Amino acid sequence: MANNNNENKNQLQVQIKPELADGKYSNLAMIGHGPNEFLIDFIFAAPGMPQAPVVSRVIMSPENAKQLMFALTDNVQKYESTFGEIVPKRPNGNNGNANNN
């Protein structure tokens, strides 16, 4: 029983402000880094629009960036085991086709 109390004391309670709860849609991310941090800009690029606004910027330590990478890898694997393989589009839009005419 004492062990459960220690676990509850160490449990992080995450809170989200109502104005953040809806989230922001992003279909592009740009990542930069320096010696002490990673900077991730989440962007919404609308078709046919010449400008794409940054909807959110996240700054994290290199250690936390690597933990995020592991968490994303784990979650993508779980997603694909349930829903099937995600086939990403390549940044240049040709989706791996050899013919670039």
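Trainee: How many helices and how many strands are there in the chain?
Mentor: This is a predicted model, in which local features need pLDDT of at least 70, side-chain atom pairs count only at pLDDT 80 or more, and totals for chains, interfaces and linings use all residues. Residues are numbered from 1 along each chain as its sequence is written, and side-chain values use heavy atoms, with hydrogens and water left out. Helices (H or I, at least four residues) and strands (E, at least two) are DSSP runs, numbered from the N terminus. On that basis the chain has three helices and three strands.

Trainee: Which pattern does the chain follow, read along the sequence?
Mentor: The three helices and three strands can be listed in sequence order. Written that way, the chain reads α-α-β-β-β-α.

Trainee: In what order do the strands lie in the sheet?
Mentor: Two strands pair if DSSP finds at least two bridges between them. S1 and strand S2 (residues 38-43) pair over six bridges, and S2 and S3 also pair over six bridges. The pairing is antiparallel, and the open sheet has the order S1-S2-S3.

Trainee: Which strands are the edge strands?
Mentor: An edge strand here pairs on one side only. That description fits strand S1 (28-33) and strand S3 (54-60).

Trainee: Which residue stands opposite Val54 in S3?
Mentor: S2 and S3 pair in the antiparallel sense. On the other side of S2, Gly32 stands opposite Leu39, and S1 and S2 form a hairpin with four residues between them. Opposite Val54 in S3 stands Ile43.

Trainee: What angle does the direction of helix H3 make with that of S3?
Mentor: Helix H3 (residues 62-83) packs on the sheet and touches S2 and S3. Axes are lines fitted to C-alpha atoms, for helices over the stretch in contact (heavy atoms within 4.5 Å). Angles run from 0 to 180 degrees between N-to-C directions. For H3 and S3 the angle is about 115 degrees.

Trainee: Which element gives the largest share of the lining of the largest pocket?
Mentor: On a 1 Å grid over the protein atoms alone, a pocket is an open set of points where a 1.4 Å probe fits, with protein on both sides within 12 Å along at least five of seven lines, and lining residues have an atom within 4 Å of a point. The lining includes Ala29, Phe38, Met60 and Lys66. S1, S2 and H3 each give two or more residues to this lining. The largest share, six residues, comes from H3.

Trainee: Is Val58 buried, partly exposed or exposed?
Mentor: Val58 lies in strand S3, and its contacts, leaving aside neighbours within four places in sequence, are Phe38, Leu39, Ile40 and Phe42. Buried means under 20% relative accessible area, exposed over 50%, and partly exposed in between (1.4 Å probe, protein chains only). Because its relative accessible area is 28%, Val58 is partly exposed.

Trainee: What percentage of the 101 residues in the chain do buried residues make up?
Mentor: Val58, at 28%, is partly exposed, so this residue is not counted as buried. For the chain, the buried share is 6%.
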